[in-house]
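Subject: Structure handover

Hello,

Here is the structure I promised to pass on. Please open it first; my notes on what turned up follow below.

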Amino acid sequence: MNNISLIILASGFSRRFVSNKLLYEFHGKKLIEYAFDRASAFLDVIVVTQYEKIKEMAETLGYRVIMNDHPEYGQGHSIALGVGACMNDACILMVADMPYLKLDTLKEMVSIQDGKHIVICEYNGILCNPMLLPKRYYDKAKQLCNDKGAKQIIGDDLYLTVSLSHEEFMDIDEKTEVA
């Protein structure tokens, strides 16, 4: 996965969780560590965060960190920051709260990408995270500044999909989900 960057989006406020969910223990390790584990397969990893502790953890692993000084601008702003730092031919945008996402899913996304089409995951017909963006979409991604995420980049363009299992589709939003 040499020419593809992995961008981990870790700037959210965890409002429903009440505290920073990414630092919460989940089956023996912090939620963010699941994302970091999958990131080890990539040569270029960019972590976008507002949290000093996540910055320290990412830098310890050799990942590049972009501090998001305006997380209130939404996930679109985090995407714009991450893509703005990307110098590779494509990038995968991955949220940090999907602990069941498999590395094989990311590898499948990489294997079907053609440099022209967005590759996005889907579950039961629902388009969802993660998403692979070819370089030709970077300018659109750098314009995002809302909480709608990257799906709005697709517009009327054709895209390729990778199916997620029910388990992979699950993200963690509330403390009751990690109990």
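The chain has seven helices and nine strands. Bear in mind that this is a predicted model.

First, the overall numbers. The chain holds 179 residues, and 49% of them are buried. Its accessible surface is about 8,700 Å². Carbon and sulfur atoms contribute 49% of that surface. Contacts were also sorted by separation along the chain. Of those with a separation of 6 or more, 69% join residues 24 or more positions apart.

Next, the sheet. Seven strands make up an open sheet with mixed pairing. Reading across, the order is β5-β4-β1-β6-β8-β7-β9. The edges are β5 (64-67) and β9 (159-163), each of which pairs on one side only. From one strand to the next, the twist averages 25°.

Two helices are worth a look against this sheet. Helix α1 (residues 31-39) packs on the sheet and touches β1 (4-10), β4 (44-49) and β6 (90-95). The direction of α1 makes about 175° with that of β1. Helix α4 (residues 103-112) lies across β1, β6, β7, β8 and β9. Relative to β9, helix α4 runs at about 155°.

Now zoom in on one strand pair. Strands β7 (residues 118-123) and β8 (residues 126-134) are antiparallel partners, joined over five bridges. As general background, strands of a sheet pair through backbone hydrogen bonds, either parallel or antiparallel. Within this pair, C121 has C128 in β8 as its bridge partner.

That raises the cysteine question. How many disulfides does a search of the whole structure find? Zero. C121 is in no disulfide, and the nearest cysteine sulfur, that of C128, is 5.7 Å away.

Why is there no bond between C128 and C121? A disulfide needs the two sulfur atoms within 2.5 Å. The sulfur of C128 has its closest cysteine sulfur in C121, at 5.7 Å, so the two are too far apart for a bond. The two residues are bridge partners all the same.

Are these cysteines buried or exposed? The cut-off for buried is under 20% relative accessible area. C121 has 0% relative accessibility, so C121 counts as buried. C128 has a relative accessible area of 11%, so C128 is buried too.

To recap for your setup: zero disulfides, and C121 and C128 are bridge partners whose sulfur atoms are 5.7 Å apart.

Best wishes

Terms used. Residues are numbered from 1 along each chain as its sequence is written. This is a predicted model: local features need pLDDT of at least 70, side-chain atom pairs count only at pLDDT 80 or more; totals for chains, interfaces and linings use all residues. Side-chain values use heavy atoms; hydrogens and water are left out. Buried means under 20% relative accessible area, exposed over 50%, partly exposed in between (1.4 Å probe, protein chains only). Helices (H or I, at least four residues) and strands (E, at least two) are DSSP runs, numbered from the N terminus. Contact means heavy atoms within 4.5 Å. Accessible areas come from the Shrake-Rupley method with a 1.4 Å probe; for residues, only the protein chains shown count as cover. Two strands pair if DSSP finds at least two bridges between them. Axes are lines fitted to C-alpha atoms, for helices over the stretch in contact, and angles run from 0 to 180 degrees between N-to-C directions.
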